[in-house]
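Trainee: Got a minute to go through this one with me? I'd like to start with helix packing and then move on to the empty space.

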Amino acid sequence: MAEGRVMAKKAQAQAQVVVSAGAWGLRIRFHSLAALLVTAVVVAALYMTGESERILDEKTSKEKILVPGVDSLALRRCSLFSGKWVFDNHSYPLYRERECTYMSDQLACGKFGRKDLSYQNWRWQPHDCDLPKFNATALLETLRNKRMVFVGDSLNRGQWVSMVCLVESSIPPNLKSMHSNGSLTTFKATEYNASIEFYWAPLLVESNSDDPLNHRVEDRTVRVQAIEKHARHWTHADILVFNSYLWWRRSQMKILWGSFETASDAIYKEVEMPRCYEMALRTWADWLEIHVNRTKTRMFFVTMSPTHQKAEEWGGMEGQNCYNETEIISKEGYEGNSSNPGIMQTVDDAIQKLKARGLNVQTLNITQLSEYRKEGHPSIYRKQWEPLTQEHLSNPSSYADCIHWCLPGIPDVWNELLYASIF
């Protein structure tokens, strides 16, 4: 393949190659038969091996990454988030839980005793197209000399762990690393000079829940007009993936006008949650408009991840939750009561305003497709941070985690959708 790459680069001097629609997104014009033959051989080899390749677009003088299996025109015409789950134990899971070097104990359900692992074998099938196969090398090439940063809460952290697991198996042990610095945790792919990072900011703006370890407080307080403390850590990212909903789930929030450091002159006010959330998103959007490089940075906002805490919503026993669930909800269009249309509209309004201002922000609408997956949560199969009481042990559903997701599992599909959107 090395010789083929050299020949292809020589052929580029005689050929014009641009990305467009086609079998996997190519339209090629040649100045010579030799260029055609050489490039055709190399492109065919790349397709068969599943490798990506950088080829020069002479119109823009920029490199384009060719990814086998990605039909960009078909994806643009397709509603990726409208579809159904298909059981697929041949292609899924996309990696093995025990083989992911950086797996989280909060999400490693098999490690903590779950025997039924069929939740790992479901593939998301959009109605009008196929999702491209996740190609770790192609993504890492796209991230060469760049930063991808996930910003948000523990659900976004789960998606980040999933992304790391998806790519790290293709990187030799001595060419990858992980380190933490306060709220920022960075996975580094040395050969590509690429980083995939997670920054803990559960409410996006400043709050008294910002400590990455000690953040469980009863009296939750936010500074809805303060974001710079967090944002300075992701100002220069090339791809930003945001989420923020889980920590807003209460009827009212306490807003602080002032500083957490100077409590003497602080002013507090209780505000209805929807209004408080809207104010925080406005601060977030204003910061993006001023500080983001519009020609460089791509942004995504992941919609709310549903919970499955009331079994009666899907016809189960009253008082039960996701504990012992092993099957998906098969009724297409199912909507539980955990989602909040008003909050979804608030997010959509903020993103539409950003688009009107010329910022490239895309919504990853994972809410509906995740609603079907009541069996995909850790339930009781996760590390318990505090010792369980006898009362808990006698009633397992009382401590079942029906909020987060097992890995491999649903967050891998979120990342497949993110991958498709990036390309």
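Trainee: Is the crossing of α7 and α8 left-handed or right-handed?
Mentor: Right-handed. Keep in mind that this is a predicted model.

Trainee: Which residues make that contact?
Mentor: On the α7 side they are M273, P274, Y277, E278, L281, W284, A285 and L288. From α8 come I343, T346, V347, A350 and L354.

Trainee: How do they divide by class?
Mentor: The contact of α7 with α8 has 11 nonpolar residues, 1 polar and 1 charged.

Trainee: And at what angle do the axes of α7 and α8 cross?
Mentor: At roughly 20 degrees, and the axes come within 10 Å. Helix α7 covers residues 273–291 and helix α8 covers 341–356. Angles under 35 degrees count as roughly parallel, so α7 is roughly parallel to α8.

Trainee: Next pair. How do α5 and α11 pack?
Mentor: Helix α5 (residues 154–168) meets helix α11 (residues 410–422) at an angle of about 75 degrees, and their axes are 9 Å apart. The range 65 to 115 counts as roughly perpendicular, so that is what α5 is to α11.

Trainee: Which residues make the contact there?
Mentor: L155, G158, Q159, S162, M163 and L166 from α5, against P411, D412, W414, N415 and L418 from α11. By class, the contact of α5 with α11 holds 6 nonpolar, 4 polar and 1 charged residues.

Trainee: Switching to voids. How many cavities of 30 Å³ or more does the structure hold?
Mentor: It holds 6. The largest has a volume of about 90 Å³. Its lining has 13 residues, and L155, N243, T303, M304 and S305 are the closest to the centre.

Trainee: L155 again. What supplies the largest share of that lining?
Mentor: Helix α5, with 3 residues. The lining of the largest cavity has 6 nonpolar, 6 polar and 1 charged residues.

Trainee: How much space lies in the second largest cavity?
Mentor: About 70 Å³. Of its 13 lining residues, Y92, Q120, W122, G409 and D412 are the closest to the centre. Helix α11 gives the most to this lining, with 3 residues. By class, the second largest cavity is lined by 9 nonpolar, 2 polar and 2 charged residues.

Trainee: Y92 caught my eye. What is the peptide bond from Y92 to P93?
Mentor: That bond is cis, with omega near 5 degrees. P93 is in the loop between β5 (83–87) and β6 (122–126). Another cis peptide bond, with omega about -5 degrees, joins L407 and P408. P408 is found in the loop between α10 (390–394) and α11.

Trainee: While we're on the backbone, what is phi of L204?
Mentor: Near 65 degrees, a positive value in a residue other than glycine. L204 is in the loop between β10 and β11 (206–207).

Trainee: Last topic, pockets. How much space lies in the largest pocket?
Mentor: About 1,500 Å³. Its lining has 45 residues, and Q106, H215, R216, R382 and W385 lie nearest the centre.

Trainee: Which elements each supply at least two residues of that lining?
Mentor: Helix α5, β8 (176–181) and β10 (194–200). The largest share, 5 residues, comes from α5.

Trainee: And the class split for the pocket lining?
Mentor: For the largest pocket, 20 nonpolar, 15 polar and 10 charged.

Methods
Residues numbered from 1 in each chain as written. Predicted model: local features only at pLDDT ≥ 70, side-chain atom pairs only at ≥ 80, totals over all residues. Heavy atoms only, no water. Axes fitted to C-alpha atoms, helices over the stretch in contact; angles between N-to-C directions. Helix = DSSP H or I, 4+ residues; strand = E, 2+ residues; numbered from the N terminus. Parallel < 35°, antiparallel > 145°, perpendicular 65-115°, else oblique. Left-handed = near helix turned anticlockwise from the far one by under 90°. Contact = heavy atoms within 4.5 Å. Nonpolar A, V, L, I, M, F, W, Y, C, P; charged D, E, K, R; others polar. 1 Å grid on protein atoms, 1.4 Å probe; cavity = no way out; pocket = protein on both sides within 12 Å on 5 of 7 lines; lining within 4 Å. Points joined across faces, edges and corners; volume = space filled by probe spheres on them.
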